[in-house]
Amino acid sequence: MSTLVTGIAELVTNDPTRGESPLGLIPDAAVVVADGTVVWVGSATQAPAADIRIDVDGRAVVPGFVDSHAHLVFAGDRAAEFEARMTGARYDGGGIASTVAATRAAPDDLLRRGLADLVAEMRRQGTTTVEVKSGYGLTVEDEARCLRLAGEVTAETTFLGAHVVPPEFAARTDDYVAVVTGPMLDACAPHARWIDVFCEPASASAFDGDASRTVLEAGRRAGLGLRVHANQLSAGPGVRLAVELDAASADHCTHLTGEDIDALAGGSTVATLLPGVEFSTRSPYPEARRLLAAGAAVALATDCNPGSCFTSSMPFCIALAVREMGMTPAEALWAATAGGAAALRRPDIGHLGVGARADLAVLEAPSYRHLAYRPGVPIARALDLPG
Ligand code: NIG
Ligand code: FE
């Protein structure tokens, strides 16, 4: 069954062969989708017939957002930690342990409901693909359980057993890394596409460069793709390690040296910026303009999690990227769609060319510029297509 989506005031295709902008803009456009795939894109006046017609009545349509970094399997609440930060407390990742305790104690159904609610909340704001990490279980059974649950809502599942060293392994990081790279990896690899590590020598409970390398190399041997929480709290070794190992993504990139920027520009690792974290931890924002000027690929994601940033809104992150990091509205939208797809190494999403997955988001606005122009206003939603 085919569906014609027409009445599109402005279509963002992210197909650089269409028009002058990398966004591949088409005014007064239409899209035809069939069996979940885009089969035709162009001017509404030239659109072919289809079985069903949806008129979006002068709204803009963009590729569904690709949120390539989120921690959605958890229980508990850390609003008090946020409140303390807003009056001067520093974020150091120490609160992760409280989410681990609550998550371990939670029955499957509670975790499943929280996860489903967040995914639905994301879809209502235009997100059509989300990556979901484990990392609040930190036992063999709990990490595998969190990944099984994540796999119920997305194909983009990430094993983050190396999130922090859990309290029962305090001061025994090597022993914990042996568990992560041994029995935990064995139990989790069947449920994960990716492996990630919180590489942060500046945090007492995260992992230094050597431990991070051990975790990533073990994950690669188990067939997983690589991602790294890198340079969030300090200019540590994470970014350069990510590029050296050809990780798909180095995430955070809040503290970068010139060498880090050169490495990202020269490699195929995407720099995934998470400005909601800087907002929610009252920290300086990453230097997006330096990355873009150097030629690095940049993605934007929410990092939705109960500690450092509890937003599910990609439009909010776009607005922050524009207002606080100096990205243009076009760069920010590209980073939230095609950039996220590159960070997940997914050529089928993040654009609306023929052959792409039919992931469309509609805006209550005539132009993509309104995503940043109308901050905090819920103008984006994923379009539900028949069939
Ligand atoms: O991406 N940096 C480590 N992990 C998360 C935060 C997790 C938490 O505070 O619960 C992050 O910021
Ligand atoms: Fe994260």
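Which domains does the domain assignment of the protein chain give? In this predicted model, where local features need pLDDT of at least 70, side-chain atom pairs count only at pLDDT 80 or more, and totals for chains, interfaces and linings use all residues, the numbering of residues starts from 1 along each chain as its sequence is written. Chains are lettered from A and ligands numbered from 1, in the order in which they are written. The assignment yields domain 1 (2–63 + 350–382) and domain 2 (65–343), with bounds that come from an automatic or database domain assignment.

The C-alpha centres of domain 1 and domain 2 are 30 Å apart. Their contact draws 21 residues from domain 1 and 22 residues from domain 2, two residues being in contact if their C-beta atoms, placed from the backbone, lie within 7 Å. On the side of domain 1 that touches domain 2, the elements giving two or more residues are β4, α13 (370–373) and β15; helices (H or I, at least four residues) and strands (E, at least two) are DSSP runs, numbered from the N terminus. The most comes from β15, with three residues. By class, this side of domain 1 has 14 nonpolar, four polar and three charged residues, where Ala, Val, Leu, Ile, Met, Phe, Trp, Tyr, Cys and Pro count as nonpolar, Asp, Glu, Lys and Arg as charged, and the others, Gly among them, as polar.

Turning to the strands, six of them form an open sheet with mixed pairing, in the order β3-β2-β1-β4-β14-β15; two strands pair if DSSP finds at least two bridges between them. At the edges are β3 (37–43) and β15 (380–382), each of which pairs on one side only. Within the sheet, strand β1 (residues 2–12) pairs with strand β4 (residues 52–63) in the parallel sense over seven bridges. Glu10 has Ala60 in β4 as its bridge partner.

Among the helices, α5 (residues 173–188) and α6 (residues 209–221) pack at an angle of about 10°, with their axes 10 Å apart. Axes are lines fitted to C-alpha atoms, for helices over the stretch in contact, and angles run from 0 to 180 degrees between N-to-C directions. The two helices α5 and α6 are therefore roughly parallel to each other (angles under 35 degrees). Thr173, Val177, Val180, Thr181 and Leu185 in α5 meet Ala211, Thr214, Val215, Ala218 and Gly219 in α6. This contact comprises six nonpolar, four polar and no charged residues.

Finally, ligand 1 is surrounded by 14 residues, of which the closest are Ile96, Phe198, Asn305, Gly307 and Ser308 (C-beta atom, placed from the backbone, within 6 Å). The shell divides into four nonpolar, nine polar and one charged residues.

Conventions: Angles under 35 degrees count as roughly parallel, over 145 as roughly antiparallel, 65 to 115 as roughly perpendicular and the rest as oblique.
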